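This briefing covers two helices and one strand residue. Please have the sequence and the coordinates open while reading.

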Amino acid sequence: MTILVAYAPRPEGQAALEKGIEIAKRRQEHLLVVNATPGGGEDAAMASASDVTRVERMLEQPEGLSAEFKQFGRSQTTVEEIEAIVDSQPIAAIKNLDGKS
């Protein structure tokens, strides 16, 4: 199964990321961190290159953690991107931007 975290470069997104790492390690499950926006123009929810690098480094740190980061900035909404992921693979838990399941 996979733990899915919807990430945005805000304090709530950071909290969700940290909780997702904790849950994935404890349950020994794969962690998928997704940053998705409709794209086009300035979008505060789109992680910058430095944000992406920081998140990817966080995912490399914990020993025994299987994790990946995906970023989408295309015409679909964040919800549509997340729904497509949920429909395509077994998801054990979803963490949203406010850190709640």
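The points below describe burial and contacts, grouped by topic.

This is a predicted model, in which local features need pLDDT of at least 70, side-chain atom pairs count only at pLDDT 80 or more, and totals for chains, interfaces and linings use all residues. Residues are numbered from 1 along each chain as its sequence is written, and side-chain values use heavy atoms, with hydrogens and water left out.

**Helix α2**
- Helix α2 (helices are DSSP runs of H or I, at least four residues; strands are E, at least two; both numbered from the N terminus) spans residues 49-60.
- Its twelve residues reach 17 Å from first C-alpha to last, close to the 16 Å expected at 1.5 Å a residue (1.5 Å times one less than the number of residues).
- D51, V52, V55 and L59 are buried in α2 (under 20% relative accessible area; exposed is over 50%, partly exposed in between; 1.4 Å probe, protein chains only).
- These buried residues lie on the same side of α2, because they cover an arc of only 100° around the axis (taken from the directions from the helix axis to the C-beta atoms).
- A49, S50, R57 and E60 are exposed, on the face of α2 turned away from its buried side.
- The cover over the buried residues of α2 includes α1 (11-27), β2 (30-37) and β3 (67-73).

**G73**
- G73, in strand β3, counts as partly exposed at 45% relative accessibility.
- Beyond its neighbours within four places in sequence, G73 is in contact with T37, P38, G39 and M46 (heavy atoms within 4.5 Å).
- G73 and P38 are 35 residues apart in sequence, and 5.4 Å apart from C-alpha to C-alpha.

**Helix α3**
- In α3 (residues 78-88), E81, I82 and I85 are buried.
- The buried residues of α3 fall within an arc of 95° seen down its axis, so they line one face of the helix.
- V79 and D87 are exposed, on the face of α3 turned away from its buried side.
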